[in-house]
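This report is for a reader new to the structure. It takes up one helix, then the cores and the confidence.

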Amino acid sequence: CYILILIALWNSLYDVYNFDIKSEGYAGLHLGTVLFSIFQVFSGKPLLITHAHQYGLYPHFLEPILKLTGLSVFKFTILMGILQVISFLYLYKFLREITSNIIIASVGFLTLIFYSYLLGEYYQIKYLNFCAPYYQYYPIRFFFPALSIYITWKYFNNKNHFIYFFSFPIYALSVLWNFDTGCVVFISWILILIYKELNENNN
């Protein structure tokens, strides 16, 4: 719980810069590449029509939330922190449910966070002298793959028809959210279903 709180706070780091999104100021490479399209969409300029964006259509998914809360660097980074915490929570739930031993699940979860998240931040500081959350991957590219692991586990564990049919629109949305990992998520789901059918038919 404490680690997830720290991750959420780390993702909100940029507020210390007092960055004004209406100015030409710069608050770091990672923030600028994801916030620019958010600001464009928030200003009424849809993606793929006014400009392209290599990280997907996530700004349109986040637009309704930001319309309610208002757009600022602090609110945007808080939202990124919440999405990242949700991603790790789904992975923890997956680890917790596949083992009856909470210690093994917790150690596995801490190892996952260390090697997939904290170690990357450490090398970024050590070798690049650059300290900033990498929003392009966490949570933008990370959210749907983490969610898909838990959904797939629940389906194969319970054979729930609702989860089966509900997963298709979710994974289709993941392709629109971010094409890079969305395609992997969607194609992986199709392939595992094909494997399941072939395996059952061949006993």
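## Helix H7

In H7, the buried residues (under 20% relative accessible area, 1.4 Å probe, protein chains only) are Ile163, Ser167, Ile170, Tyr171, Ser174 and Trp177. An α-helix has 3.6 residues a turn, so residues three or four places apart point the same way. Among what covers the buried residues of H7 are helices H3 (58–69), H4 (73–98), H6 (143–158) and H8 (179–201). Helices are DSSP runs (H or I, at least four residues) numbered from the N terminus.

H7 covers residues 161–177. A kink of about 30° lies at Ser167, shortly before Pro169; the bend is the angle between axes fitted to the seven residues ending there and the seven starting there.

## Model and confidence

This is a predicted model, in which local features need pLDDT of at least 70 and side-chain atom pairs count only at 80 or more, while totals for chains, interfaces and linings use all residues. Residues are numbered from 1 along each chain as its sequence is written, and side-chain values use heavy atoms, without hydrogens and water.

The pLDDT (the predictor's confidence in each residue, from 0 to 100) averages 81 over the chain. Confidence is lowest in helix H1 (residues 2–11), with a mean of 62, and highest in H6, at 93.

## Nonpolar core

The largest nonpolar core (buried Ala, Val, Leu, Ile, Met, Phe, Trp, Tyr and Cys residues joined through side-chain atoms within 4.5 Å) has 28 residues. Leu35, Ile38, Tyr58, Leu62, Phe76 and Trp177 touch the most other members. H2 (29–42), H3, H4, H6, H7 and H8 each supply at least two residues of this core.

Notes
Expected span 1.5 Å × (residues − 1). Buried < 20%, exposed > 50% of the residue type's maximum accessible area, 1.4 Å probe, protein only. Contact = heavy atoms within 4.5 Å.
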